[in-house]
Amino acid sequence: MEDVIAQLIRLQELDRIRDKLQRRLDQVPVRLKSHTDAIRALEDALSAQEQLHWAAKAESDRAELEVKSKEEEREKIKRQMNAPKLSNREYEMLQEAMAGVLADINSHTDQAVKAMQRAEEAETQVTDLKGQLDKARTEYAEAKEKLESGLGDVTGDLAKRDRERKEKVKDVSSDALQVYERVRRKHKDALALVEGTIDRAAGRIGNDLHCSACYMTITANDAVKVLGRKEIVTCKSCVRILYVP
């Protein structure tokens, strides 16, 4: 298993480089967050003002329809008041009805005017917010282009490393690669050094051996297996693949 462990070590070194490059690329949306937050806030404000505009416009339209309906009712009452042979009581009743209709006309007219004023104010806000949103989107695009142009080499290097990785994994046994990828999903570094007293020349292994990642004690039996490189040995605690240089 010596070749496999060596292959995994080289693969881990490559993955460390790839992770570092990817972190630099991942900083782009983080550094653009102030722009995206501003855009989202303006979009929400714009949506709210558009809803206010259409609600006020709809209210104004309804009030104007009510005014039109009441004006037709007023004309009808006027014709009835001009009819011949009305009794005094009938005339008084028509006068009372006319007063109520006129009050309704004034109320609905006032409602329509106020609703239209709100609609116009909201429309002004919509226009202003659209201008602010266009500006914010332009600033975001410019900032994004500036950041990404400065990371052009990083993007190219990452693509190169990705291609290199595809070639490297072809040489790794499927079982070893499966273990490596499974551990890597949990930890960025899938391999961990065994630290402690190891004297290869004297063939002596100390009782202080431990995983360099989590410091879990490694048994002498596992240490012998790690040194022998005839099988993959994982830490009982953090499950990283153990190795010695």
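Is H53 buried or exposed? Let's settle that one before touring the rest of this predicted model. H53 has a relative accessibility of 12%, and the cut-off for buried is under 20%, so H53 counts as buried. This histidine sits in helix α2, which covers residues 33–81. If you ignore neighbours within four places in sequence, the contacts of H53 are A119, A122 and E123.

Now for the greasy part. The largest nonpolar core has 16 residues, and those touching the most other members are L8, L11, L177, Y180, L191 and I241. Three elements each put at least two residues into this core: α1 (2–31), α5 (174–186) and β5 (241–243). Apart from it there is another core, this one of 12 residues, including A192, C211, V226 and C235.

I241 is a good residue to click on. Leaving out anything up to four places away in sequence, I241 touches I5, L8, V179, Y180, A190, L191, A192, I232, V233 and T234. V179 and Y180 in that list bring us to α5, where both are among the buried residues.

So what does α5 look like? Start with a sanity check on its length: 13 residues at 1.5 Å a residue should span 18 Å, and the C-alpha atoms at its ends are 19 Å apart, which agrees. The buried residues of α5 are A176, L177, V179, Y180, V183 and R184. Around the axis they cover an arc of only 160°, which puts them on the same side of α5. On the other side, S174, D175, Q178, R185 and K186 are exposed. The spacing follows from helix geometry: with 3.6 residues a turn, residues three or four places apart point the same way.

Next, the charges. Side chains of opposite charge can pair when their charged atoms come close. The count here comes to 23 salt bridges, and a few deserve a look.

Take R18 and D15, whose closest N and O atoms are 2.9 Å apart. Both lie in helix α1, 3 residues apart, or about one turn of the helix. Neither partner is out in the open: R18 counts as buried because its relative accessibility is 18%, and D15 is buried too, with a relative accessible area of 0%. This pair also belongs to a network of salt bridges that links D15, R18, D19, D162, R165, E181 and R184. R184 is a name you've already met, as one of the buried residues of α5.

A salt bridge between helices comes from R137 and E43, with an N to O distance of 2.9 Å. R137 lies in helix α3 (residues 88–149) and E43 in helix α2, so this pair ties together parts that are 94 residues apart in sequence. Here both partners are partly exposed: R137 has a relative accessible area of 38%, while E43 comes in at 32% relative accessibility.

Finally, stay in α3 for the salt bridge between E92 and R89, at 3.7 Å from N to O. These two are 3 residues apart, so about one helical turn separates them. E92 counts as partly exposed, at 41% relative accessibility.

Notes:
Residues are numbered from 1 along each chain as its sequence is written. This is a predicted model: local features need pLDDT of at least 70, side-chain atom pairs count only at pLDDT 80 or more; totals for chains, interfaces and linings use all residues. Side-chain values use heavy atoms; hydrogens and water are left out. A nonpolar core is a set of buried Ala, Val, Leu, Ile, Met, Phe, Trp, Tyr and Cys residues joined through side-chain atoms within 4.5 Å. Buried means under 20% relative accessible area, exposed over 50%, partly exposed in between (1.4 Å probe, protein chains only). Helices (H or I, at least four residues) and strands (E, at least two) are DSSP runs, numbered from the N terminus. Contact means heavy atoms within 4.5 Å. The expected span of a helix is 1.5 Å times one less than its number of residues. The arc is that of the directions from the helix axis to the C-beta atoms. A salt bridge is a side-chain nitrogen of Lys or Arg within 4 Å of a carboxyl oxygen of Asp or Glu.
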